[in-house]
Amino acid sequence: MGPFGAPDLGGLCEAPPTPNPSPEGEGQEEVAARKPLPLGGGVGVGPSSAPDLGGLCEASPTPDPSPEGEGQEEEEAAREPLPLGGGVGVGPSSVPNPGGLCEASPTPIPSPEGEGREEEAARKPLPLGGGVGVGPSSVPNPGGLCEASPTPDPSAEGEGRIRAALVSATAALATFSETPRLDAELLMAHALAIPRERLLLYALDAAVPDTFAPLLARRLAHEPIAYITGTRGFWTIELAVGPGVLVPRADSETLLDAAVDHFAKRPPVRILDLGTGPGTLLLAALAEWPAATGAGIDQSDVALGFARTNAATLGMAERASFVRGDWADGIDATFDLILANPPYIGTVEHLPREVAEHEPGAALFAGADGLADYRRLVPQLGALLAPGGAAILEIGATQSDAVGALLGQEGFDVALRHDLGGNPRALIATHAA
């Protein structure tokens, strides 16, 4: 134990000098000093210092030079260590002080004249792994646990900043959108002409661009996000889209999942996409199988224009052809993989405004029961499907039995595939063994 009852680990602390009471009082001292090891910082005792591991060593008393020089109690500048995880008291509350590494709040030191001088020991934390600044020097701040001083927002309450604008836009969009925060982020990224990931990593405290408000107003009028930004991600590709084409949806990726499983041992060589729209299923499949070629059929010239543009952008113009047609009429070739997302919404069904008021009805509605196009399409598939191939059709969540029966009547074996939401989404038709 040290002379003041503090533990002395391995002789690392330096003992205070012990006065030798000579008759003349000439201040002869025996110095029983333990020589410090070269470890970390220390507790100063005169010009020398010994290491102080985690605040475990106790400092020697420092006398207060009062005018009379007698009757004054010595002011102990003892470092009172707490166990790891203890705290530094600040008034009635405290913050964690691991290993005594955080600087304490100002402590008044009474002067002989009674004036309350204060030593400023303000905690000034650096980022994680940095230190706590004390004048020009610093002590470590493990894990960023020392309490930080507040950092003022350069704008009043963050007004005019992207972070605040996203919160406000999300609240407004939540009245009708299923993905309000995502919508707001996509619009902001589009306004800044940067990827959404860059927005979230680097731009949240930047000023809101003037172009954001008009984009948000369009979305609040229920215009699809994909029409506003002009693009939509699907499978592993990015597609240009706009008014006049069906917006690609994640549910349709179920068809690609099923195709990947079916062709696990041998890739398809020829692919047909019936009702291709902006080239959604065909181009995603060609991206999956780089050696394949294919054709996309659609009745809409607008959709075919988007499809050709997308093929050129993706570097697939030589592998994909797009033809105006009515399902499979006039096609006499065979294909290893046939993909189709025909209209399957009943004319009496309710749709969200962003779909009903903006996307093309010809790509959505198929008679009162939503089965009109399946009745035309299914009988054409047998002659188009190559041996060992698969025809994969998207269906509505309640249509598996009805469309499955149509395929069964044509002699196909039928398997059902669910989407990520657990809903029936695709039927895989293969030639019966």
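Helices in these legends are DSSP runs of H or I with at least four residues, strands are DSSP runs of E with at least two, and both are numbered from the N terminus. What you're looking at is a predicted model.

**View 1. The whole protein, with its 11 helices and 19 strands.**
Let's start with everything in the frame. The protein has 433 residues, and 39% of them are buried. Take the contacts between residues at least 6 apart in sequence: 56% of these join residues at least 24 apart. On the outside, the protein exposes about 23,400 Å², with carbon and sulfur atoms supplying 55% of that area.

**View 2. Helix α2 and the helices around it.**
Here we zoom in on α2, which covers residues 180-192. Its 13 residues take it 19 Å from the first C-alpha to the last, close to the expected 18 Å. Which residues of α2 are buried? They are P180, D183, A184, E185, L187, M188, A189 and A191. These buried residues pack against four other helices: α1 (162-173), α3 (196-202), α4 (212-220) and α5 (225-229). Right after α2 comes A193, which has a positive phi, near 60°.

**View 3. An open sheet of seven strands.**
Read across the sheet and the order goes β15-β14-β13-β16-β17-β19-β18, with mixed pairing. Why do β15 (320-324) and β18 (412-418) each have a side without a neighbour in the sheet? Both stand at the edges and have a single partner strand, so one side of each is left free of sheet neighbours. On average, neighbouring strands are turned by 20° against each other, direction ignored. Helix α10 packs on this sheet, where it touches β13, β16, β17, β18 and β19. The direction of α10 makes about 160° with that of β17.

**View 4. Strand β13 and its two partners, β14 and β16.**
This one is a closer look at part of the sheet. β13 runs parallel to β14, and five bridges join the two. With β16, β13 also pairs in the parallel sense, over four bridges. β13 is mostly covered, with four of its five residues buried.

**View 5. L272, a residue of strand β13.**
Now for a single side chain and its surroundings. Is L272 buried or exposed? With a relative accessibility of 0%, L272 counts as buried, because the cut-off for buried is under 20%. L272 stands opposite A295 in β14 and opposite I338 in β16. Leaving aside neighbours within four places in sequence, L272 is in contact with A295, I297, I331, F335, L337, I338, L339 and L384. G296 is 24 residues away from L272 in sequence, yet their C-alpha atoms are 6.1 Å apart in space.

**View 6. The largest nonpolar core, with 31 residues.**
A bit of background first. In soluble globular proteins, nonpolar side chains tend to be buried together. In this core, the residues that touch the most other members are L272, L274, I338, Y374, L381, L393 and L407. Several elements give two or more residues to the core: β13 (270-274), β14 (293-298), β16 (335-340), α10 (372-384), β17 (385-394), α11 (400-409) and β19 (424-431). Which of them gives the most? That's α10, with five residues. As for L407, leaving aside neighbours within four places in sequence, this residue is in contact with V378, L381, F412, V414, L427 and A429. Apart from the largest core lies another one, of 29 residues, and its members include F234, M316, A426 and I428.

**View 7. The hairpin of β18 and β19.**
Back to the sheet, for one pair of strands. β18 and β19 run antiparallel and are joined by seven bridges. One pair to look for is A415 and its bridge partner in β19, I428. Five residues sit between the two strands, and in this hairpin G422 takes a positive phi near 85°.

**View 8. E357, in the loop between α9 (353-356) and α10.**
The last stop is a loop residue. How much of E357 is accessible? Its relative accessible area is 49%, so E357 counts as partly exposed. H222 is 135 residues away from E357 along the chain, and 8.3 Å separates their C-alpha atoms.

Key
Residues are numbered from 1 along each chain as its sequence is written. This is a predicted model: local features need pLDDT of at least 70, side-chain atom pairs count only at pLDDT 80 or more; totals for chains, interfaces and linings use all residues. Side-chain values use heavy atoms; hydrogens and water are left out. The expected span of a helix is 1.5 Å times one less than its number of residues. Buried means under 20% relative accessible area, exposed over 50%, partly exposed in between (1.4 Å probe, protein chains only). Contact means heavy atoms within 4.5 Å. A nonpolar core is a set of buried Ala, Val, Leu, Ile, Met, Phe, Trp, Tyr and Cys residues joined through side-chain atoms within 4.5 Å. Accessible areas come from the Shrake-Rupley method with a 1.4 Å probe; for residues, only the protein chains shown count as cover. Two strands pair if DSSP finds at least two bridges between them. Axes are lines fitted to C-alpha atoms, for helices over the stretch in contact, and angles run from 0 to 180 degrees between N-to-C directions.
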